[in-house]
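Reader: Can you walk me through this structure? I'd like to start with the ligand.

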Amino acid sequence: MTTTSQAGSPVLRTEYQRSVADYWNTNRNDPVNLKLGEIDGLFHHHYGIGNYDPSVLERPKSTKDERIIAELHRLETAQADLLLDHLGPIEPADRLLDAGSGRGGTSIMAHHRFGCAVDGVSISEYQVQFANEQAAERGIADRVRFHFRNMLDTGFDTGSRRAIWTNETTMYVDLAPLYAEFARLLEYGGRYVCITGCYNDVTGGRSKAVSRIDEQYICNIHPRSEYFKALSANNFVPITVIDLTPHTIPYWELRQQASVATGIEEAFLTAYREGSFHYLMIVADRI
Ligand SMILES: C[S@@+](CC[C@H](N)C(=O)[O-])C[C@H]1O[C@@H](n2cnc3c(N)ncnc32)[C@H](O)[C@@H]1O
C-alpha cells in the first residue's frame with residue numbers, strides 16, 4: 001500500500017501520527033474488538049450505549065461470558081445506530097465520509113441503511129485492509145471503500161459529501177484543521193455528527209482519570225469548549241447536543257465483568273462518575 005496521499009504528500013506527517021498508526025497497526029488481536037465483531041461481522045472500535053439485560057449476569061458460568069460479550073456488541077451497535085439516526089435524510093446517490101473508520105463497522109451499517117456510497121479513512125494500513133476485506137465479503141466493495149488517508153487532508157473533492165461523521169476519533173487530531181477540512185468537503189447544509197469523549201471545562205483541567213485514558217490510547221482528549229469553538233470558527237452550526245454519559249455508564253459496568261476487559265474500565269467509570277469527562281454527541285450543519 002502506498003504511504004503517500006493522492007496529492008503526493010505523506011499520509012503520516014508527524015511522529016505523533018506515526019505512533020497512533022503504529023498503535024492501531026499492532027493492537028490487532030485485542031479480543032475486546034475481535035470477539036465482539038465476530039458475532040455478526042460488524043467490527044467496532046467504539047463504546048456502547050443503553051441498558052444491558054441484567055439476566056446475562058445470572059447465566060451459568062459456561063455461557064455467562066459469551067452472553068456478556070454479545071450484550072456489549074449489541075450496545076456498541078446501538079451507539080452507531082444513534083449516530084446514523086442523526087445524519088439527516090440521505091439518498092442512495094449521496095456520498096458519506098467516515099473519518100477515522102477503524103475496522104469499518106459504522107460505514108457498513110451506513111451503507112446498509114441508506115444504500116449510499118461511503119468512504120472511510122484511517123491512518124492504519126492494517127485497518128484499511130481489514131475493513132476493505134469486510135466490504136468485499138459482503139459484496140459491497142464498489143460502494144463502501146476504505147482508504148489509507150489522513151482525515152486532516154483527505155484528498156477528496158471539495159463539496160463532495162452530504163454528511164461526515166467521526167466516531168471516537170477527534171481526540172487524535174487538532175480540531176481547527178479537522179473542521180476546516182470537513183467544511184471544505186461538505187456541501188452547503190451538509191451534516192456533521194461527532195461522538196466523542198471530552199473533558200469538562202467546568203471541573204477544571206484534565207483529571208487524573210482522563211490523563212490515564214489519554215495515556216492508554218495515545219490520544220489527547222479535548223475540553224468540551226474546544227469543539228464548539230472550532231465548529232463555529234469553521235461555519236458549523238450545532239443543532240443537537242446530547243450528553244450520552246449516563247447512557248454509556250452501564251456499558252462500562254458490564255464490560256468490567258467481561259473476560260475481554262482491558263483494565264481501562266475503572267478510569268472511564270471514575271471519570272464519568274466524578275463528572276470530569278463526558279460522552280457527547282454533537283450534530284452540526286455546515287453553512
Ligand atoms: C477509536 S478508533 C475509532 C474507529 C471507528 N470510528 C469506529 O467507531 O469503530 C480511532 C480511529 O481513528 C483513526 N485515526 C486517528 N488519527 C487519524 C487521522 N489523522 N486520520 C485518519 N484516521 C485517524 C485510527 O486509525 C482509528 O481507526
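Author: This is a predicted model. In it, the ligand sits in the largest pocket.

Reader: Which elements give two or more residues to the shell around the ligand?

Author: Those elements are α1 (15-26) and β2 (117-122).

Reader: How many residues surround the ligand, and which are the closest?

Author: There are 21 residues around the ligand. The closest are His45, His46, Gly100, Gln127 and Asn167.

Reader: What classes are in that shell?

Author: The shell has 12 polar residues, 7 nonpolar ones and 2 charged ones.

Reader: OK, polar contacts. What does Gln127 do with its side chain?

Author: An N or O atom in the Gln127 side chain is 2.5 Å from an oxygen atom of the ligand.

Reader: And which part of His45 is 2.7 Å from an oxygen atom of the ligand, backbone or side chain?

Author: The backbone: a polar backbone atom of His45 is at 2.7 Å from a ligand oxygen. Ile123 also uses its backbone, with an N or O atom 3.5 Å from a nitrogen atom of the ligand.

Reader: How much of the ligand's accessible area does the protein cover?

Author: The protein covers 97% of the 600 Å² that the ligand has on its own.

Reader: Switching to the whole protein. How many helices and strands?

Author: The protein has 10 helices and 7 strands. Its radius of gyration is 18 Å, close to the 19 Å from the globule rule for 287 residues, so the protein is as compact as a globular protein of that length.

Reader: What does the C-alpha trace span?

Author: Along the principal axes, the trace spans about 55 × 45 × 40 Å.

Key
Residues numbered from 1 in each chain as written. Predicted model: local features only at pLDDT ≥ 70, side-chain atom pairs only at ≥ 80, totals over all residues. Heavy atoms only, no water. Near = heavy atom within 4 Å. Polar contact = N/O pair within 3.5 Å; in protein donor to acceptor, adjacent residues only side chain to side chain. Areas by Shrake-Rupley, 256 points an atom, 1.4 Å probe, with all protein chains shown as cover. 1 Å grid on protein atoms, 1.4 Å probe; cavity = no way out; pocket = protein on both sides within 12 Å on 5 of 7 lines; lining within 4 Å. Sits in = over half its atoms within 2 Å of the grid points. Helix = DSSP H or I, 4+ residues; strand = E, 2+ residues; numbered from the N terminus. Nonpolar A, V, L, I, M, F, W, Y, C, P; charged D, E, K, R; others polar. Rg over C-alpha atoms; globule rule 2.2 N^0.38 Å.
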